[in-house]
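Trainee: Could you walk me through how to read a protein model, feature by feature?
Mentor: Gladly; have a look at the structure and then we can talk.

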Amino acid sequence: MTRVSTNGNFQSALLSLMTAQSRAQQGQERIDSEKIATDMAGYGRGAEQLTSLTSTQARLDGFISTGETVAARLSAQDLAMGSIYEGGTGAREAIANSLAAGDITNLMTELGLQYQTVQGGLNARYQGSYLFAGGQGDVAPATAVTMADLATATSTASTFANDTLKQRSRIDEKTTLETSFLASEIGGPLTEVFRNIQTFQNGAAVTVNGVTYTPTGAGTLTGQPSADVTAFLKAQLGELDKANVDLTNQTAKNGLMQNHVEATLDGQQGQKTALQKMMKDKTAYDPARAITDLQQAQVAIQASAQVINTLRNTSLLDLLR
């Protein structure tokens, strides 16, 4: 026989009220978040799979962030290499045009301007750091400001302050790219040509590919070029061609990495979209159903509250009299 008491009824009604309030809170949270639960505990047996999906999403977001940074850096490098190439081809055109005109009076001035373009590209910055400085991002890698500075240096190599450290970036689970270049490797051959021309202009002999060219004195590169001067400048044209081809190859390598990184990012964005859909399918809660749940819980709260209120004013003693 079940024992009936006012206290037992009151406790039962209070428990019903608390359960209804919990359901109402859960319903409101589902309406606000449009999710089944606000923490993993609320997903029960599905929490393990959601944890795995969340971990995968975090790794994917990390790779996407790295890829976007690498893509931006490669784009900046492409612009800088374009500037260096512009200076190299500009120098070649200046020499070729001067020889064709039979007058090299303004050649050194033109070459000085083209060297400034080359140096500007070698000292290009990205996010406050020098692109081609290796591990020394706060130090300008091309130290010779003018062609005169080149000629006074002990060697072409001594005009570069970069180290040999190249940046490596992991863009996905299996791919790590060496994404940076050094000023000395992309600008060394061009700088050597500018240095040789200035050295010759200063009156010192210059050896190119085993052939020594000796000027008649300082300031030889002006006016109508002699046969010796013409031979020297044509040799420099050949060196400029080789340097420009080498720079083109380096720029192409940078471009190939750009394409690879962009393709990887496209694939990762697709994976992210698919993963987000999967996460939504497993965590989303129908808003209409959530509203219905909340309304039912509110009705239950009102009913439980009415029962409790009635019990407060009711006693079994009244029924036994």
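What follows is a conversation about the fold, the core, the empty spaces and a few loop residues.

Trainee: Before we begin, what kind of model is this?
Mentor: This is a predicted model. Please keep that in mind throughout.

Trainee: Let's start with the fold. How many helices and strands are there in the protein?
Mentor: The protein has 8 helices and 6 strands. Read from the N terminus, the order is α-α-α-β-β-α-β-β-α-β-β-α-α-α.

Trainee: What share of the residues counts as buried?
Mentor: The protein has 321 residues, and 38% of them count as buried. The accessible surface comes to about 17,700 Å², with 51% of that belonging to carbon and sulfur atoms. As for contacts, take those in the protein with a separation of 6 or more: residues 24 or more positions apart account for 71% of them.

Trainee: Now the core. Which residues have the most contacts inside the largest nonpolar core?
Mentor: That core has 54 residues, and the ones with the most contacts inside it are I95, L111, F132, I197 and L233. At least two residues each are supplied by α2 (47-101), α3 (107-122), α4 (147-152), α5 (183-201), β5 (206-208) and α6 (227-283). The largest share, 13 residues, comes from α2.

Trainee: I would like to zoom in on one of those. What does F132 touch, leaving out residues up to four places away in sequence?
Mentor: Its partners are Q77, A80, M81, I84, G121, L122, P141, N162, F181, L182, A183 and I186.

Trainee: Next, empty space. How is it found?
Mentor: Rolling a probe the size of a water molecule over the atoms shows where empty space is left. In this protein, the count comes to 1 cavity of 30 Å³ or more.

Trainee: How much space lies in the largest cavity, and which residues line it?
Mentor: The largest cavity holds about 40 Å³. Around it are Y115, Q119, L122, A142, T143, A144, L150, T159, F160 and T191. The helix α3 gives the most to this lining, with 3 residues. By character, the lining of the largest cavity divides into 6 nonpolar, 4 polar and no charged residues. You may recognise L122 from this lining, as F132 touches L122 too.

Trainee: And the second largest pocket: what is its volume?
Mentor: The volume of the second largest pocket is about 180 Å³. Its lining consists of T56, R59, L60, F63, D172, E173, T264, G267, Q268, Q271 and L275. Two elements, α2 and α6, give two or more residues to this lining. The most comes from α6, with 5 residues. The lining of the second largest pocket divides into 3 nonpolar, 5 polar and 3 charged residues.

Trainee: Let's turn to the backbone. How should I read the sign of phi?
Mentor: Most residues other than glycine have a negative phi, and most peptide bonds are trans. In this model, Q127 is not a glycine, yet has a positive phi of about 55°. N209, also a residue other than glycine, has a positive phi near 55°.

Trainee: Where are Q127 and N209 found?
Mentor: Q127 has its place in the loop between β1 (125-126) and β2 (129-130). N209 is in the loop between β5 and β6 (211-213).

Trainee: Are those two residues buried or exposed?
Mentor: Q127 is exposed, because its relative accessible area of 68% is over 50%. N209 likewise counts as exposed, at 62% relative accessibility.

Trainee: What can you tell me about V211, in strand β6?
Mentor: V211 is partly exposed, with a relative accessible area of 38%. The C-alpha atoms of V211 and A235 are separated by 9.4 Å, and these residues are 24 apart along the chain.

Trainee: Could we compare that with some loop residues?
Mentor: Sure. T175, in the loop between β3 (168-170) and β4 (176-178), has a relative accessible area of 19% and is therefore buried, as the cut-off is under 20%. Leaving out residues up to four places away in sequence, T175 touches S169, R170 and H260.

Trainee: And what about G135?
Mentor: G135 lies in the loop between β2 and α4 and is partly exposed, at 45% relative accessible area. With residues up to four places away in sequence left out, G135 touches D163 and L165. From G135 to Q167 the distance is 7.8 Å, C-alpha to C-alpha, with the two 32 residues apart in sequence.

Note on methods
Residues numbered from 1 in each chain as written. Predicted model: local features only at pLDDT ≥ 70, side-chain atom pairs only at ≥ 80, totals over all residues. Heavy atoms only, no water. Helix = DSSP H or I, 4+ residues; strand = E, 2+ residues; numbered from the N terminus. Buried < 20%, exposed > 50% of the residue type's maximum accessible area, 1.4 Å probe, protein only. Contact = heavy atoms within 4.5 Å. Areas by Shrake-Rupley, 256 points an atom, 1.4 Å probe, with all protein chains shown as cover. Core = buried A, V, L, I, M, F, W, Y, C linked by side-chain atoms within 4.5 Å. 1 Å grid on protein atoms, 1.4 Å probe; cavity = no way out; pocket = protein on both sides within 12 Å on 5 of 7 lines; lining within 4 Å. Points joined across faces, edges and corners; volume = space filled by probe spheres on them. Nonpolar A, V, L, I, M, F, W, Y, C, P; charged D, E, K, R; others polar.
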